[in-house]
Amino acid sequence: MHDREKSDSAIVAAKPTNNAPGPHWGGGAGGAKGGDQETHGEQSTHRTQSRARVPHALDRVRMAARQRKKERFTSLLHHVDIDQLRQAFMALKRDAASGVDGITWKTYAADLELHLADLHARVQRGPYRPLPSRRTYIPKSDGKRRPLAVAALEDKIVQRATVAVLNCIYEEDFLGFSYGFRPGRGQHDALDALAVGIATRKVCFILDADVRSFFDSVSQSWLVRFLEHRIGDPRIIRLIRKWLKAGVLEAGVVTTSETGTGQGSVISPLLANVYLHYVFDLWADRWRQREAKGDIVIVRYADDIVVGFEHEVDARRFWDAMRGRFEEFALSPHPEKTRLIEFGRFAAYRRARRGLGKPETFNFLGFTHISGRSRRGRFQLKRHTRRDRMRAKLKEIKGELRRRMHQPIPTQGRWLAQVVRGYFAYHAVPTNARKMGAFHRYVTRLWLRTLRRRSQRRGMTMERMSRLARKWLPKPEILHPWPDHRFAAIRSR
């Protein structure tokens with residue numbers, strides 16, 4: 001189990017997986033990042049030398065996964081060694097909320113090497129037992145609350161180290177149109193891929209699909225079966241089963257379930273991608289090649305799916321088949337968030353000819369996508385910040401400004417600058433300039449009202465407020481390149 005050859009051995013044949021690395025309006029699978037030491041024997045005392053050796057073993061795992069698509073990896077747990085655990089710990093957020101153990105990052109770091117040695121021994125020998133996750137809730141833009149599972153600190157460390165190992169395998173298997181929670185890929189990559197697909201392919205209809213309560217509906221038995229297609233190390237499978245069965249602590253009661261992956265845990269995004277890879281991605285790619293009569297563009301980010309079609313008949317057949325496919329694996333499309341709309345370069349003309357209004361819009365990753373026109377009258381996909389998302393952010397800023405009402409103006413200005421800069425970093429895409437300017441004006445007004453409330457005298461004039469805004473608030477300007485430029489640079493194919 002500790003030999004170099006065994007570290008990337010693939011002994012037992014398994015069900016084939018479909019890599020399909022072509023430009024599915026997503027391009028090929030991105031390479032996984034991460035490192036590991038070659039064996040879990042005696043640890044080097046020199047940190048730099050240890051880090052230098054880290055990538056080699058996982059590089060061999062990655063190469064084996066790329067070359068042998070039909071085989072299972074029977075020896076993986078030894079890659080979760082002390083160096084990998086240390087890297088996982090250092091990657092955790094310092095100020096993250098603690099789990100049921102109450103241990104914080106700083107507390108664990110006080111005697112890190114001793115703690116890691118003990119944790120490593122328990123993981124390798126088998127006595128390691130994960131604790132239940134602590135249930136917490138965060139507000140959503142629609143007023144509802146999203147449940148999250150906060151794991152104990154040691155569980156986060158082991159999960160992150162395990163994810164680094166498994167990513168070396170699954171990043172060679174995942175398809176190009178899958179973007180959610182993958183190394184080297186982000187939300188703007190998915191947005192660019194969708195924009196380029198709509199602009200360059202014959203897209204006339206959009207199926208905007210969302211899986212209802214996905215993270216709570218995942219069948220754990222099916223998930224383990226999917227994992228066993230590539231993972232033949234029973235110790236890794238046993239680890240994942242432990243995390244799935246650890247349960248959730250809420251109001252002093254621990255509950256367990258046969259479904260769900262615990263949204264918010266470190267391992268959950270990878271497990272979700274594995275589940276949808278087998279349930280949706282491979283099936284959708286095969287359907288596109290065998291059943292479709294026209295062009296199809298697919299982009300998936302976690303459980304948010306957008307599919308563009310040339311023909312309406314293809315769209316409706318795909319929708320019906322997808323509904324049946326989901327039912328086989330305990331999933332279902334959200335009835336209110338899944339819909340088929342006419343969209344694309346010909347949508348406005350066709351609807352006008354039938355006496356209908358403007359083409360419908362759809363939301364994806366925080367942006368409303370609109371069938372628009374450029375200044376030259378050509379079709380142009382426009383992306384505007386969702387109204388509900390902007391309202392929710394402004395409401396959050398308003399509440400925080402009230403709490404900071406009596407702070408010095410420079411202190412308020414530095415905080416607001418950080419918030420606005422972070423908002424612009426995501427939303428400042430081409431065709432969204434008006435929304436950016438509106439957000440800047442709303443923030444300025446909220447700040448003005450807050451400063452005027454500090455005193456009965458209305459000493460804060462608009463002229464002075466304008467000077468403060470110019471001094472502290474970042475200017476609303478486009479920060480991201482046009483989708484086709486960035487997409488071509490990253491996905492050259």
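V196 sits in helix α7, which spans residues 187–200. In this predicted model, V196 counts as buried because its relative accessible area is 8%, and the cut-off for buried is under 20%. Its C-alpha lies 9.7 Å from that of V297, a residue 101 positions away in sequence.

**The chain as a whole**

- The protein chain folds into 18 helices and 13 strands.
- Of its 493 residues, 53% are buried.
- Take the contacts in the chain with a separation of 6 or more: 74% of them join residues 24 or more positions apart.

**K382, over in a strand**

- K382 belongs to strand β13, which covers residues 379–385.
- Is K382 buried or exposed? Neither label quite fits: with 25% relative accessibility, K382 is classed as partly exposed.
- Leaving aside residues up to four places away in sequence, K382 touches T368, H369, I370, G372, R373 and T431.
- K382 and V429 are 47 residues apart along the chain, and their C-alpha atoms are 9.7 Å apart.

**How α15 and α16 pair up**

- Helix α15 runs over residues 409–427 and helix α16 over residues 433–453; their axes come within 12 Å and cross at roughly 160°.
- That angle makes the two helices roughly antiparallel, because anything over 145 degrees falls in that class.
- As for handedness, the α15 and α16 crossing is right-handed.
- On the α15 side, the contact is made by I409, Q412, G413, L416, V420, Y423, F424 and H427.
- On the α16 side, M436, F439, H440, V443, W447 and L451 do the touching.
- What kinds of residues make up this contact? Ten are nonpolar and four are polar, with no charged residues.

**Helix α17 and its two sides**

- Helix α17 takes in residues 462–472, and M465, L468, A469 and W472 are its buried residues.
- Why do these buried residues line one face of α17? Looking down the helix axis, they fall within an arc of 100°, so they share a face.
- The general rule behind this is that an α-helix has 3.6 residues a turn, so residues three or four places apart point the same way.
- What do the buried residues of α17 pack against? Their partners are α15 and α16, the pair whose axes cross at roughly 160°.
- Flip to the other side of α17 and you find E463, R470 and K471, which are exposed.

Definitions and conventions. Residues numbered from 1 in each chain as written. Predicted model: local features only at pLDDT ≥ 70, side-chain atom pairs only at ≥ 80, totals over all residues. Heavy atoms only, no water. Axes fitted to C-alpha atoms, helices over the stretch in contact; angles between N-to-C directions. Helix = DSSP H or I, 4+ residues; strand = E, 2+ residues; numbered from the N terminus. Parallel < 35°, antiparallel > 145°, perpendicular 65-115°, else oblique. Left-handed = near helix turned anticlockwise from the far one by under 90°. Contact = heavy atoms within 4.5 Å. Nonpolar A, V, L, I, M, F, W, Y, C, P; charged D, E, K, R; others polar. Buried < 20%, exposed > 50% of the residue type's maximum accessible area, 1.4 Å probe, protein only. Arc of directions from axis to C-beta.
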